[in-house]
Amino acid sequence: MKSALAAVALLAAALASHAQTASAAFPYEADGATAADASSEYLAAKARWHNELAAFARADQERLPPPGGVVFVGSSTVRMWTRLAQDFARVPGGVVNRGFGGSTLADCSLFARELVVRYKPRQVVVYAGDNDLAEGRTPLQVLDSFARFANTVRAELPDARISFVSVKPSPSREQLMPQIRETNHVISAYLNLLPNSEFIDIYTPMLGADGRPRMELFRGDRLHMTDAGYRLWHSVIASHLPGADAPAVPASGLP
């Protein structure tokens, strides 16, 4: 673990010194030919997520979210939070859901400008990482992706708060629990070095007294969450958002 923490410190220093490079690496499509266009990783991800990115673009054409709100970005756990806007209705500026199912933290780092920076939020809440681990990435590789995501956001939005929701303990991925715990640990340590940021722990309250995932929080696929899971998330995350500690409507799934 000491070596992992040392790696966190080294990574933080190295990536912070290249924040401007990171922010320029993946510009908007409308910006024309740039270094991003030469990135095979970016182009492959763009092709893979074409339909999702196009859907976000259409939504923005219909109604571009105002600046100063909170953007939620990440994998299917975010995408499937269908009552996100209602659950956090009192957040000044509103909330924007930019979750895309099956995505990784690596994907989020590639699309940080398209999915976060363009909306000029006061805060970004990111949940991803378990898909990265399931695909075979190591905790430090997941940390690297998050650090690049954070640096891209911070370079252009220096006052935006960055909140990382810990990787959840899904029953279908219980064999990955050691990697999940280490990922949460190293990202939490990294955030301790990053001003105006925070680590939101949902891992712990999603465990039962036996230290295993609470099955009632998960659907039959043992990966995605039930309404009870989203109620738990709402109760934990609300205190981390401006104006959200007293929601105007019940949390997801309540009558």
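How are helices α3 and α4 oriented to each other? In this predicted model, the two helices are roughly perpendicular, because an angle between 65 and 115 degrees is counted in that class. Helix α3 covers residues 40-48 and helix α4 residues 50-62, and the two pack at an angle of about 75° with their axes 5 Å apart. On the side of α3 the contact is made by Lys-46, Ala-47 and Arg-48, while α4 contributes His-50, Glu-52 and Leu-53. Sorted by class, this contact of α3 with α4 comprises two nonpolar, one polar and three charged residues.

## Overall composition

The protein chain has twelve helices and five strands, and 50% of its 255 residues count as buried. Among the contacts between residues at least 6 apart in sequence, 77% join residues that are at least 24 apart.

## The sheet and the helix packed on it

Five strands form an open sheet in the order β2-β1-β3-β4-β5, with parallel pairing. The edge positions are taken by β2 and by β5 (197-200), each of which has a single partner strand, so one side of each is left without a neighbour in the sheet. On average, and with direction ignored, neighbouring strands of this sheet are turned by 15° against each other.

Strand β1 (residues 70-74) is joined by five bridges to β2, and the two run parallel; five bridges also join β1 to strand β3 (residues 123-127), again in a parallel arrangement. Phe-72 can be followed to both sides, since its bridge partner in β2 is Asn-97, and in β3 Phe-72 stands opposite Val-125.

Helix α10 (residues 139-156) packs on the sheet, where it touches β1, β3 and β4, and the direction of α10 makes about 160° with that of β4.

Is the edge strand β2 (residues 95-99) enclosed by the rest of the structure or left open? Four of the five residues of β2 are buried, so the strand is largely enclosed by the rest of the structure, although one side of β2 has no neighbour within the sheet.

## Salt bridges

The structure holds 13 salt bridges, and three of them are set out below with their N to O distances.

| Salt bridge | N to O distance |
|---|---|
| Arg-137 and Asp-132 | 3.7 Å |
| Glu-198 and Arg-161 | 3.4 Å |
| Arg-212 and Glu-174 | 2.7 Å |

In the pair of Arg-137 and Asp-132, whose side chains meet at 3.7 Å, the two partners fall into separate accessibility classes: Arg-137 is partly exposed, with a relative accessible area of 27%, whereas Asp-132 is buried, with a value of 0%.

The side chains of Glu-198 and Arg-161 meet at 3.4 Å. Glu-198 lies in strand β5 and Arg-161 in strand β4, so this salt bridge ties together parts that are 37 residues apart in sequence. Glu-198 counts as buried at 11% relative accessibility, while Arg-161 is partly exposed, with a relative accessible area of 26%.

The side chains of Arg-212 and Glu-174 meet at 2.7 Å. This pair links distant parts of the chain, with Arg-212 in the loop between β5 and α12 (227-237) and Glu-174 in the loop between β4 and α11, 38 residues apart. Arg-212 is partly exposed, with a relative accessible area of 46%, and Glu-174 is partly exposed with a relative accessible area of 23%.

Beyond these pairs, Asp-60, Arg-98 and Arg-118 are linked in a network of salt bridges.

## Leu-176 in the loop before α11

Leu-176 belongs to the loop between β4 (161-165) and α11 (177-191). Is this residue buried or exposed? At 12% relative accessibility Leu-176 counts as buried, because the class holds residues under 20% relative accessible area.

Which residues touch Leu-176 once its neighbours within four places in sequence are left aside? Leu-176 is then in contact with Leu-133 and Ala-134. A further spatial relation concerns Asp-130, whose C-alpha atom is 8.8 Å from that of Leu-176, although the two residues are 46 residues apart in sequence.

Conventions: Residues are numbered from 1 along each chain as its sequence is written. This is a predicted model: local features need pLDDT of at least 70, side-chain atom pairs count only at pLDDT 80 or more; totals for chains, interfaces and linings use all residues. Side-chain values use heavy atoms; hydrogens and water are left out. Buried means under 20% relative accessible area, exposed over 50%, partly exposed in between (1.4 Å probe, protein chains only). Two strands pair if DSSP finds at least two bridges between them. Contact means heavy atoms within 4.5 Å. Axes are lines fitted to C-alpha atoms, for helices over the stretch in contact, and angles run from 0 to 180 degrees between N-to-C directions. Angles under 35 degrees count as roughly parallel, over 145 as roughly antiparallel, 65 to 115 as roughly perpendicular and the rest as oblique. Ala, Val, Leu, Ile, Met, Phe, Trp, Tyr, Cys and Pro count as nonpolar, Asp, Glu, Lys and Arg as charged, and the others, Gly among them, as polar. A salt bridge is a side-chain nitrogen of Lys or Arg within 4 Å of a carboxyl oxygen of Asp or Glu.
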